[in-house]
Amino acid sequence: MVLVAYITSPFVTFVKVRAPPFTRQSTEAMKRYLQNPANDPLLEINTMSFIAKPRTSLVRLSELKPVNKRFGLVNVARDTAAENAKRKWYMFRAVGNFYIPPQQGSERYLWPLLWEKRLTRGQ
């Protein structure tokens, strides 16, 4: 049971971009925004906890770094030290390691556009 919890904890179920209202008019408008985001977009990254409860992490795109941890089970990470310092002792620790699978060929899955731009900018 501990092994399953360790292996499955970083898997991401959704990556949502908090985008301006004009981007919600069409897929093309969203693609144009994601290729040239005006500022550092705020993301909602949803994972599942050990008891299958959804956990949402609000993260700026600039906080995410590409990594290779946990034998390849984590491909994106962020520093959670400051956020964990603000939390009470009884609260769960902030999620800092994620595995976001590369999805290709889907019109609705726009994460690769945003992630490629972030990597090419070198933020």
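**Paired strands, a salt-bridge network and a buried leucine**

Strand β4 (residues 65-69) and strand β5 (residues 74-77) run antiparallel and are joined by three bridges. The model described here is a predicted one. A good place to begin looking is Pro-66, which stands opposite Val-76 in β5. Between β4 and β5 lie four residues, and the two strands form a hairpin. Within the turn, Arg-70 has a positive phi of about 50 degrees. On following the chain further, β5 is found to have another partner: strand β6 (residues 97-98) pairs with β5 in the antiparallel sense, over two bridges. Here Ala-77 stands opposite Asn-97 in β6. In general, the side chains of a regular strand alternate between the two faces of the sheet.

Attention can now turn to charged side chains. Side chains of opposite charge can pair when their charged atoms come close. The structure holds four salt bridges. In one of them, the side chains of Glu-63 and Arg-78 meet, with an N to O distance of 3.8 Å. Glu-63 lies in the loop between β3 (54-60) and β4, while Arg-78 lies in the loop between β5 and α3 (81-86), so this pair ties together parts that are 15 residues apart in sequence. The surroundings of the two partners can be read from their accessibility: Glu-63 counts as partly exposed at 34%, whereas Arg-78 counts as buried because its relative accessibility is 9%, and buried means under 20%.

Arg-78 also meets the side chain of Glu-83 in a salt bridge, at 3.0 Å from N to O. Glu-83 in turn forms a salt bridge with Arg-87, where the closest N and O atoms are 2.9 Å apart. Both Glu-83, with a relative accessible area of 29%, and Arg-87, with 25%, are partly exposed. Through shared partners, these salt bridges join Glu-63, Arg-78, Glu-83 and Arg-87 into one network.

A helix offers another residue to explore. Leu-114 has its place in helix α4 (residues 111-121). This leucine is buried, since its relative accessible area is 1%, and the cut-off for buried is under 20%. Leaving aside residues up to four places away in sequence, Leu-114 touches Val-17, Leu-34, Pro-37, Pro-41, Leu-43 and Leu-61. For a sense of how sequence and space compare, Leu-114 and Ser-62 can be located together: they are 52 residues apart in sequence, and their C-alpha atoms are 11 Å apart in space.

Methods
Residues numbered from 1 in each chain as written. Predicted model: local features only at pLDDT ≥ 70, side-chain atom pairs only at ≥ 80, totals over all residues. Heavy atoms only, no water. Buried < 20%, exposed > 50% of the residue type's maximum accessible area, 1.4 Å probe, protein only. Contact = heavy atoms within 4.5 Å. Pairing = 2+ DSSP bridges.
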